Amino acid sequence: MTKTVGNIKIAHVSKVYTNGTIGLDGINLEIPSGEFLVIVGLSGAGKSTLLRAINRLHDVTTGSIEIDGEDITKARGKGLRLLRRNIAMIFQNFNLVKRASVARNVLAGRVGYYSTFRSTFGLFSKGDREMAAQNLKRVNMIEKYYTRADELSGGQQQRVAIARAMMQAPKVVLADEPIASLDPKTTEMVMDDLKRLNQELGLTVIVNLHSVPLAMQYADRIIGLRAGKLVYDKPISEVTEADFTGIYAELGDK
Ligand SMILES: Nc1ncnc2c1ncn2[C@@H]1O[C@H](COP(=O)(O)OP(=O)(O)OP(=O)(O)O)[C@@H](O)[C@H]1O
């Protein structure tokens, strides 16, 4: 089997929802291992659809999405499970089990490595408990190990969600507007956490954002979507001040 390093190759990908809405329209995109890619675009541009196609939460209508040479759009059964294990997802609304402890939520990130029986009964190994503690330290949340998730602030919940994502030992992290419901200071903490994972562990990180200034601050490369099409694609070194307004104007010009 190919060694997984987090290269993504999206070729001729379109997605038409069953009601006829075009989600994605002929996307071609290569994302090299270790890149911090930010996707910007107005609401409805197709950002979530693209992220969800990458981990196969959505099926695409045409095209292929290769993760290290393996097409996830065609994967089935065990092959799909193994591919998915390498791709962690972080959501806008955190998706934690509110009544469970922080530790339990973080350990849940490990279920891809366990039988259903063991994970249902919480039979996690000592090694995994240590890994959970390590990942909570990484996001400065270790002191909340036993706290219930619903006693945390939004920013703290998102950091627990990042620790949970890390339990998968992923190669790729997808974050769908991870800071949409957070204040500016917490936003910075969460974006810093994502950047640290990218830089220290070399993970490929793909983040959907509405904010171009934030994209400018964190991205290696920015792409823009409008009505399902790729309309902007530049490395951060080539993004100019003029593009700043350009991105807004072009994306807004529906
Ligand atoms: N399940 C669905 N069924 C039908 N159409 C959908 C579905 N999900 C999304 N769409 C449509 O697909 C298009 C792209 O939506 P998507 O959620 O990917 O955009 P987005 O850029 O992520 O928007 P936002 O920033 O608001 O999250 C929109 O026109 C949306 O209405």
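Visitor: What makes the shell around the ligand divide into nonpolar, polar and charged residues as it does?

Guide: In this predicted model, the ligand is surrounded by Tyr-17, Asn-19, Thr-21, Gly-23, Gly-41, Ser-43, Gly-44, Ala-45, Gly-46, Lys-47, Ser-48 and Thr-49. Tyr and Ala count as nonpolar and Lys as charged, while the others, Gly among them, count as polar, and the shell therefore divides into two nonpolar, nine polar and one charged.

Visitor: Which helix gives the largest share of that shell?

Guide: The largest share, three residues, comes from helix α1, which spans residues 47–54.

Visitor: Where does α1 pack, and at what angle to β2?

Guide: To place the helix, begin with the open sheet of four strands, which has the order β2-β1-β4-β5 and antiparallel pairing. Its edge strands are β2 (22–31) and β5 (70–71), each of which pairs on one side only. Packing on this sheet, α1 touches β1, β2 and β4 (62–67), and its direction makes about 60° with that of β2.

Visitor: How do you know that β1 and β2 count as paired strands?

Guide: Pairing requires at least two bridges between two strands; β1 (residues 8–16) and β2 are joined in the antiparallel sense over six bridges, so they count as a pair. Within this pairing, Val-13 stands opposite Ile-27 in β2.

Visitor: What makes β6 and β10 edge strands?

Guide: They belong to an open sheet in which six strands follow the order β6-β7-β8-β3-β9-β10, with mixed pairing. Both β6 (87–90) and β10 (229–235) have a single partner strand, so one side of each is left without a neighbour in the sheet. Inside the sheet, β3 (residues 36–40) and β8 (residues 204–209) run parallel and are joined by five bridges, with Asn-208 in β8 as the bridge partner of Ile-39.

Visitor: Why are α6 and α7 called roughly parallel?

Guide: The axes of α6 (residues 154–166) and α7 (residues 184–201) come within 9 Å and cross at roughly 10°. Angles under 35 degrees count as roughly parallel, and the two helices are therefore described in that way. Their crossing is right-handed, and the residues in contact include Gly-154, Arg-159 and Ile-162 of α6 together with Met-189, Asp-193 and Leu-197 of α7.

Visitor: What name fits the direction of α7 against β8, given the angle between them?

Guide: Helix α7 lies across β3, β7 (172–176) and β8, running at about 155° to β8. Since angles over 145 degrees count as roughly antiparallel, α7 is roughly antiparallel to β8.

Definitions and conventions:
Residues are numbered from 1 along each chain as its sequence is written. This is a predicted model: local features need pLDDT of at least 70, side-chain atom pairs count only at pLDDT 80 or more; totals for chains, interfaces and linings use all residues. Axes are lines fitted to C-alpha atoms, for helices over the stretch in contact, and angles run from 0 to 180 degrees between N-to-C directions. Angles under 35 degrees count as roughly parallel, over 145 as roughly antiparallel, 65 to 115 as roughly perpendicular and the rest as oblique. A crossing is left-handed if the near helix is turned anticlockwise from the far one by less than a right angle, and right-handed if clockwise. Two residues are in contact if their C-beta atoms, placed from the backbone, lie within 7 Å. A residue is near a molecule or strand if its C-beta atom, placed from the backbone, lies within 6 Å of it.
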